[in-house]
Amino acid sequence: MAVSGFDIDVPRWDQSTFMGRLKHFANITDWRTALLPDSRLDEAKALVESCRAGSVPPGTTEEQLHYAKKLYDSAFHPDTGDRMNLIGRMSFQVPGGMAITGGMLQFYRTVPAVVFWQWVNQSFNALVNYTNRNAASPITPNQIGVAYLTATSTALATAVGLNFYTKRAPPLVARWVPFAAVASANCVNIPMMRQQELLNGIAVTDENGNKLGHSKKAAVKGITQVVISRITMAAPGMSTFQRITFFHGPLQVIMVGASLSLFLSLSFSSMAVSKLEPELRESILCHYGDSVQYVYFNKGL
């Protein structure tokens with residue numbers, strides 16, 4: 001069915017409900033969009049921009065507009081409108097995270113393997129964080145370099161140290177060391193690579209997506225949740241089928257992929273207005289009264 005007067009920026013699902021937010025983020029993090037060529041993404045961007053300008057091409061259906069917006073949100077930076085590199089897109093997190101986390105959990109018996117996979121993991125995380133950075137609060141190349149080197153060196157030291165410990169540990173403990181290395185690395189890497197959010201806060205909105213300000217407390221909560229979710233993502237691959245050696249690699253990758261798919265869809269979080277910084281809380285009360293009880297924010301990955 002052709003459409004006219006279609007507001008393409010209105011969320012397809014009700015953002016005031018958990019299921020609405022779940023469907024929204026599952027939609028824009030769909031890994032299948034990472035397989036599309038740049039030409040198809042550029043076509044989607046052109047359609048979105050035409051719709052915003054009020055000139056929907058004749059014969060365009062509502063479903064086509066929804067799909068174009070899905071591709072636009074998955075591949076173009078929300079602040080600059082530039083097409084993001086493939087590896088840094090949220091839609092690439094499932095296949096990319098599956099390969100890397102599976103590699104870290106499977107190849108951990110030698111120091112070179114530990115060093116290689118931890119370096120790949122930290123580099124991947126750094127690129128994702130840089131790609132999805134807040135353009136309104138730019139991070140300098142020097143800050144990026146310091147954060148990357150600090151996170152990578154600390155993660156490597158942790159992983160290599162645990163690798164040496166396995167030589168003296170009982171088999172049951174050694175079995176879980178790769179998971180501990182992944183968990184420790186995430187605890188270091190994520191806060192370091194997202195330090196600007198901790199210093200300047202992240203954008204918070206009401207249930208309709210209206211920006212209310214920036215909150216450091218929301219940043220702390222969001223980053224803490226991301227660290228916990230990253231650790232939880234890696235857990236399934238270490239928990240079962242330990243005696244079926246042949247299936248270790250494939251099962252770890254599949255289970256990590258399932259975890260990534262779930263947590264990507266849960267990348268939105270909320271916080272009660274009463275728990276925000278006093279100045280931001282007062283600003284919200286001044287402008288909206290008691291109508292806004294919770295703020296929402298993208299906690300990232």
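**Figure 1. Alanine 126 sits in helix 5, which spans residues 111-131.** In this predicted model, alanine 126 has a relative accessibility of 11% and therefore counts as buried, since the word buried is kept for residues under 20%. When residues up to four places away in sequence are left aside, alanine 126 touches Tyr148 and Met193. The view also takes in glycine 145, which lies 19 residues from alanine 126 in sequence, with 9.6 Å between the two C-alpha atoms.

**Figure 2. Helix 4, made up of residues 93-106, is mostly covered, with eleven of its 14 residues buried.** The C-alpha atoms at the two ends of helix 4 are 19 Å apart, which agrees with the 20 Å that its 14 residues should span at 1.5 Å a residue. Among the buried residues of helix 4 are several glycines, including Gly96, Gly97, Gly102 and Gly103, and the buried set also includes Val94, Ile100, Met104 and Leu105. Polar side chains are found in this buried set too, among them Gln93, Thr101 and Gln106.

**Figure 3. Glycine 97 is one of the residues of helix 4.** With a relative accessibility of 7%, glycine 97 counts as buried. Its C-alpha atom is separated by 9.5 Å from that of asparagine 125, although the two residues are 28 residues apart along the chain.

**Figure 4. Helix 2, residues 38-52, is shown with its buried residues and its partner, helix 3.** The 15 residues of helix 2 reach 21 Å from the first C-alpha to the last, close to the 21 Å expected at 1.5 Å a residue. Leu41, Ala44, Leu47, Val48 and Cys51 are buried in this helix. These residues cover an arc of only 120 degrees around the axis, and so they are placed on the same side of helix 2. The buried residues of helix 2 pack against helix 3, which is formed by residues 62-75. After helix 2 comes glycine 54, whose phi is positive, near 85 degrees.

**Figure 5. Serine 74 belongs to helix 3.** This serine has a relative accessible area of 3%, and serine 74 is therefore buried. The side chain of serine 74 reaches the backbone oxygen of leucine 71 at 2.9 Å. Not counting residues up to four places away in sequence, serine 74 touches Ile28, Thr33, Met84, Arg89 and Ser91.

**Figure 6. Two cysteines, one buried and one exposed, are picked out in a structure with zero disulfides.** Cysteine 51 has a relative accessibility of 6% and so counts as buried, whereas cysteine 286, at 63%, counts as exposed. A search of the whole structure for disulfides finds zero of them.

**Figure 7. The whole chain, with its 13 helices and four strands, gives the setting for the close-up views.** Of the 301 residues in the chain, 45% are buried. If one takes the contacts between residues at least 6 apart in sequence, 72% of these contacts join residues that are at least 24 apart. The chain has an accessible surface of about 15200 Å², and carbon and sulfur atoms account for 62% of that surface.

Note on methods:
Residues are numbered from 1 along each chain as its sequence is written. This is a predicted model: local features need pLDDT of at least 70, side-chain atom pairs count only at pLDDT 80 or more; totals for chains, interfaces and linings use all residues. Side-chain values use heavy atoms; hydrogens and water are left out. The expected span of a helix is 1.5 Å times one less than its number of residues. Buried means under 20% relative accessible area, exposed over 50%, partly exposed in between (1.4 Å probe, protein chains only). The arc is that of the directions from the helix axis to the C-beta atoms. Contact means heavy atoms within 4.5 Å. Accessible areas come from the Shrake-Rupley method with a 1.4 Å probe; for residues, only the protein chains shown count as cover. A polar contact is a pair of N or O atoms within 3.5 Å; within protein, one must be able to donate a hydrogen and the other to accept it, and residues adjacent in sequence count only if both atoms are side-chain atoms. A disulfide is a pair of cysteine sulfur atoms within 2.5 Å.
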